[in-house]
Amino acid sequence: MKTPADVVHRVLAGEHAAIARMLTFVERRTAGVDEALAELHGKAGNAHVLGLTGPPGSGKSTLVTALTEYYREQGRTVGVLAVDPSSVFSGGAILGDRIRMTGLAGDEGVFIRSIATRGALGGLSRAALDAITVLDAAGKDVVVLETVGVGQAEVDVISAAQTVAVVSVPGMGDDVQAIKAGLLEIADVHVVNKADRDGAAKTVAELRDMLRLAHRRPHQWNVPIQQTVAATGHGVPELAGQFAAHLEWMTEHGERERRARRTSATRIRWVAEQLVLDGLRPGVPAFDRAVDDVAARREDPLSAARRLVGQAGTTAAPAGTSPTASTTDEEELW
Ligand SMILES: Nc1nc2c(ncn2[C@@H]2O[C@H](COP(=O)(O)OP(=O)(O)OP(=O)(O)O)[C@@H](O)[C@H]2O)c(=O)[nH]1
Ligand SMILES: [Mg+2]
């Protein structure tokens with residue numbers, strides 16, 4: 001049985017079988033996967049991570065396929081992660097079928113995988129972020145996340161992307177308008193797909209109104225609205241151009257770093273929580289002893305917890321007990 005450590009080097013070499021194996025380890029949180037991810041972390045950071053979200057059936061998978069074809073024509077490699085809200089494999093399988101019907105079948109430059117919303121241990125967002133690291137470290141130039149824009153979980157996932165595209169279609173009803181409004185905050189690019197249908201211009205106008213009403217700070221990225229016909233590839237090169245422009249803008253304005261810091265903070269917290277909880281299980285001798293002591297009231301829960309997480313003396317002293325010699329700004333506030 002192979003372990004995460006066994007496949008790290010093959011992942012770095014870009015071998016698809018190894019990538020697939022590593023993503024299974026990520027999903028199952030197999031022992032040793034955090035150590036493997038730690039190694040991959042240093043080799044990642046080069047991919048442009050795109051997020052595509054929007055209502056069911058808006059053409060996200062078709063668009064991902066068209067974008068992937070376009071990037072391949074440009075000689076760029078692509079990793080696709082489809083987050084399926086309900087079933088374990090269907091979303092990815094459908095996307096896979098779609099791609100298999102194109103010239104991308106058997107292309108070594110394209111890797112596709114679905115992540116299930118249920119079944120990913122440790123949470124979907126974490127699985128998605130870790131999966132991005134794997135594909136990035138494996139050398140994919142572009143990593144695309146596809147999610148259905150419905151719940152908070154999907155919004156959390158899509159926040160892992162550097163550039164988020166929200167896909168709308170002409171003639172959407174009121175409830176879909178609400179989804180669109182909810183996703184307005186996170187959209188870096190708006191896509192009006194199925195622009196071959198009646199009402200595309202109206203949808204563009206509605207989006208433009210929404211964007212105009214939204215609070216805009218100075219020096220903010222000017223969110224573009226791109227019409228596409230994913231089925232024919234119409235507008236897809238322009239869309240890829242908007243993505244590239246957004247990446248450039250983020251790099252110039254420090255936004256790329258800001259987003260990287262945000263995901264880094266999240267990652268550190270996840271791993272830290274895990275490390276702490278790993279030491280706080282029945283069967284860990286120090287934990288069992290502490291449980292005995294607290295139950296017998298020889299120790300209080302706070303002291304035991306502080307001791308166990310190794311923070312005794314390092315945590316900030318409670319207010320009023322800090323040994324400040326002089327008057328601080330904080331005290332002046334009182
Ligand atoms: N007319 C038209 N149909 C399109 C276009 N793009 C996609 N479709 C069709 O819309 C349907 C849904 O496309 P998908 O790509 O599966 O949509 P999706 O958003 O990925 O759907 P879910 O993953 O189920 O949410 C399919 O029948 C596509 O052929 C387009 O630009 N124009
Ligand atoms: Mg889809």
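How many bridges join strand β5 (residues 163-168) to β6, and in which sense do the two strands run? The close-up views below answer this and introduce other parts of the structure, which is a predicted model.

**View 1. Strand β6 and its partners, β5 and β7.** Four bridges join β5 to β6, and these two strands run parallel. To find your place in this pairing, start at Ala 165, whose bridge partner in β6 is Val 189. Strand β6 (residues 189-192) is also joined to strand β7 (residues 225-227), here by three bridges and again in parallel. A good landmark for this second pairing is Val 191, which has Gln 226 as its bridge partner in β7. Now look at the two faces of β6: Val 189 and Val 191 are buried on one side, while His 190 and Val 192 are buried on the other. In a regular strand, side chains alternate between the two faces of the sheet.

**View 2. The loops on either side of β6.** Asp 188 sits in the loop between α8 and β6. Asp 188 counts as buried because it has 22 C-beta neighbours inside 10 Å, and the cut-off for a buried residue is 20 or more. Although Asp 188 and Ala 165 are 23 residues apart along the chain, their C-alpha atoms are separated by 6.0 Å. Move on to the loop between β6 and α9 (200-213), and you will meet Lys 194. Lys 194 is buried too, with 25 C-beta neighbours inside 10 Å. Its backbone deserves a look: the phi of Lys 194 is near 60°, a positive value in a residue other than glycine. Most residues other than glycine have a negative phi.

**View 3. Strand β4, covered on both faces.** Strand β4 (residues 142-148) is largely enclosed by the rest of the structure, because seven of its seven residues are buried. One side of β4 carries Val 142, Val 144, Glu 146 and Val 148, and the other carries Val 143, Leu 145 and Thr 147. Strand β1 (residues 48-54) pairs with β4 in the parallel sense, over seven bridges. Among these residues, Glu 146 of β4 is the bridge partner of Leu 52.

**View 4. The surroundings of ligand 1.** Which residues come nearest to ligand 1? Of the 16 residues around it, they are Gly 59, Lys 60, Ser 61, Thr 62 and Ala 230. Helix α4 (residues 60-73) gives the most to this shell, with three residues. By kind, the shell around ligand 1 divides into five nonpolar, seven polar and four charged residues.

**View 5. Helix α3 beside helix α6.** Two packed helices are described by the angle between their axes and the distance between the axes. For helix α3 (residues 33-41) and helix α6 (residues 124-137), the axes come within 9 Å and cross at roughly 50°. That angle makes α3 oblique to α6. The crossing in which α3 passes α6 is left-handed.

**View 6. Helix α1 beside helix α2, and the loop that follows α2.** Helix α1 (residues 4-12) packs with α2 at an angle of about 140°, and their axes are 9 Å apart. The two helices are therefore oblique to each other. Here, too, the crossing is left-handed as α1 passes α2. Thr 24 has its place in helix α2. With 13 other C-beta atoms within 10 Å, Thr 24 is partly exposed. Thr 24 and Ala 127 are 103 residues apart along the chain, yet their C-alpha atoms are separated by 9.8 Å. Arg 29 lies in the loop between α2 (16-28) and α3. Although Arg 29 is not a glycine, it has a positive phi of about 50°. Arg 29 is partly exposed, with 17 other C-beta atoms within 10 Å.

**View 7. Gly 182 in helix α8.** Is Gly 182, in this last view, buried or partly exposed? Gly 182 counts as partly exposed, because it has 14 C-beta neighbours inside 10 Å. The helix that holds Gly 182, α8, covers residues 174-183. From here you can trace a contact in space with Val 155: Gly 182 and Val 155 are 27 residues apart in sequence and 9.5 Å apart, C-alpha to C-alpha.

Definitions and conventions: Residues are numbered from 1 along each chain as its sequence is written. Chains are lettered from A and ligands numbered from 1 in the order in which they are written. This is a predicted model: local features need pLDDT of at least 70, side-chain atom pairs count only at pLDDT 80 or more; totals for chains, interfaces and linings use all residues. A residue is near a molecule or strand if its C-beta atom, placed from the backbone, lies within 6 Å of it. Ala, Val, Leu, Ile, Met, Phe, Trp, Tyr, Cys and Pro count as nonpolar, Asp, Glu, Lys and Arg as charged, and the others, Gly among them, as polar. A residue is buried if 20 or more other C-beta atoms lie within 10 Å of its own, exposed if 12 or fewer, and partly exposed in between; C-beta atoms are placed from the backbone. Two strands pair if DSSP finds at least two bridges between them. Axes are lines fitted to C-alpha atoms, for helices over the stretch in contact, and angles run from 0 to 180 degrees between N-to-C directions. Angles under 35 degrees count as roughly parallel, over 145 as roughly antiparallel, 65 to 115 as roughly perpendicular and the rest as oblique. A crossing is left-handed if the near helix is turned anticlockwise from the far one by less than a right angle, and right-handed if clockwise.
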